[in-house]
Amino acid sequence: MRLSYRDQGQGQAIVFLHAFPLDQTMWDEAAAALSRDRRVVTFDWPGFGQSPSTASDSAATGLDRMVADAIQLLDHLGLNQVDLCGLSMGGYVALALYRSFPERVRSLVLCDTKATADPPATREARREMAELVEREGTATLIPLMLPRLLGASTRRRPEASLTDRIAGMIQRSDPEGVTHALDAMATRTATTDLLGSIQVPTLLIVGEEDIISTPEEMKEMAEAIPHARLQVIDQSGHLPNLEQPTLFLEALRSGLP
Ligand code: MLT
């Protein structure tokens, strides 16, 4: 297993899938709190955090490779069925994983994510971003991403510790991992057709000021999933687990079976 992962606590397992272009440390607060009474697994996608960009053993490409990486980690840890929580890109993978391996998922937590595929303009923007990162490195993403990731309320009262922490995650990512993730997101297929057949308890969480995956989009998703509930987190953008960690944790705990 070449993916860098953390496995803490005991009991029913919850596995967290991190967002783009961050790493597993975005889950530190949630992992510390939940691992008191659960088993909590976090990991870095290839090319993010401590996982080398060559960490995948799968011959698959795109989002399928990320699904294969997550399943390989579950197998490695002997986890047959888990609560699966993904934020944004992590949510795209969670839905794709549920489509192919529903028996591995006990419940879903989908945070600030969507079931639709990228429209052409977004695909083109991702291609341009990949070229930029190849030319200038991943730090070039910091000023582009921060204002989109953080909500207006967080930006009005910026905490250097939070912005530095997010910038650090972006800076640590590797251009190859970033370009692969951009391609995986751009080529992903929609999972809108899957929503009506999701059979497990599903909690959706969204920051009320999220401009990447909006509350309106997540409300539509929640309405399409049979056993779903939506929690909107006040005064938060795309990263409620970092912008409003206490509210996020309350919402998460309320939704876990
Ligand atoms: C993420 O937070 O994972 C990304 O912003 C998602 C995206 O770009 O679609």
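This section describes the ligand site, the pockets, the cavity and two backbone features of a predicted model.

The ligand sits in the largest pocket. Its surroundings consist of Ala19, Phe20, Ser88, Met89, Tyr92, Arg126, Met185, Ile212 and His238. By class, this shell comprises six nonpolar residues, two polar residues and one charged residue. Oxygen atoms of the ligand take part in several polar contacts with the protein. One such contact involves the backbone of Phe20, where a polar atom is 2.8 Å from a ligand oxygen. Two others involve side chains: a polar side-chain atom of Tyr92 lies 2.6 Å from an oxygen atom of the ligand, and an N or O atom in the side chain of His238 is 2.7 Å from a ligand oxygen. On its own the ligand has 270 Å² of accessible area, and the protein covers 93% of that area.

Two residues of the ligand shell also carry backbone features of note. Most residues other than glycine have a negative phi, and most peptide bonds are trans. Phe20, which belongs to the ligand shell, is joined to Pro21 by a cis peptide bond, with omega at about -5°. Pro21 is placed in the loop that runs between β2 (13-17) and α1 (28-34). Ser88, also a member of the shell, has a positive phi near 55° although the residue is not glycine. Ser88 is found in the loop between β4 (82-87) and α3.

The largest pocket, in which the ligand sits, has a volume of about 420 Å³. The pocket is lined by 23 residues, and those closest to its centre are Thr122, Arg126, Met145, Arg148 and Ile212. Of these central residues, Arg126 and Ile212 are also found in the shell around the ligand. Two or more lining residues are contributed by each of α3 (89-100), α4 (120-136), α5 (141-149) and α8. The lining as a whole divides into 14 nonpolar, four polar and five charged residues.

The second largest pocket has a volume of about 230 Å³. Its lining is made up of 16 residues, with Leu63, Asp64, Ala96, Arg188 and Thr189 lying nearest the centre. The elements that supply two or more residues to this lining are α2 and α3. The largest contribution comes from α3, which gives five residues. Here the classes are five nonpolar, seven polar and four charged. Helix α3 thus appears in the linings of both the largest pocket and the second largest pocket.

Enclosed space was examined in addition to the open pockets. Rolling a probe the size of a water molecule over the atoms shows where empty space is left. Across the whole structure, one cavity of 30 Å³ or more is found. The volume of the largest cavity is about 30 Å³. The residues that line this cavity are Trp45, Pro46, Phe48, Arg65, Met66, Gly177, His180 and Ala181. Elements giving two or more residues to the lining are α2 (62-76) and α8 (175-186). With three residues, α8 gives the most. The lining of the cavity contains five nonpolar residues, two polar residues and one charged residue. Helix α8 therefore contributes to the lining of the largest cavity as well as to that of the largest pocket, and α2 contributes to the linings of the cavity and of the second largest pocket.

How values were computed: Residues are numbered from 1 along each chain as its sequence is written. This is a predicted model: local features need pLDDT of at least 70, side-chain atom pairs count only at pLDDT 80 or more; totals for chains, interfaces and linings use all residues. Side-chain values use heavy atoms; hydrogens and water are left out. A residue is near a molecule or strand if one of its heavy atoms lies within 4 Å of it. A polar contact is a pair of N or O atoms within 3.5 Å; within protein, one must be able to donate a hydrogen and the other to accept it, and residues adjacent in sequence count only if both atoms are side-chain atoms. Accessible areas come from the Shrake-Rupley method with a 1.4 Å probe; for residues, only the protein chains shown count as cover. On a 1 Å grid over the protein atoms alone, a cavity is a set of points where a 1.4 Å probe fits but cannot get out, and a pocket is an open set with protein on both sides within 12 Å along at least five of seven lines; lining residues have an atom within 4 Å of a point. A molecule sits in a cavity or pocket if more than half of its atoms lie within 2 Å of its grid points. Ala, Val, Leu, Ile, Met, Phe, Trp, Tyr, Cys and Pro count as nonpolar, Asp, Glu, Lys and Arg as charged, and the others, Gly among them, as polar. Grid points are joined across faces, edges and corners, and a volume is the space filled by probe spheres set on the points. Helices (H or I, at least four residues) and strands (E, at least two) are DSSP runs, numbered from the N terminus.
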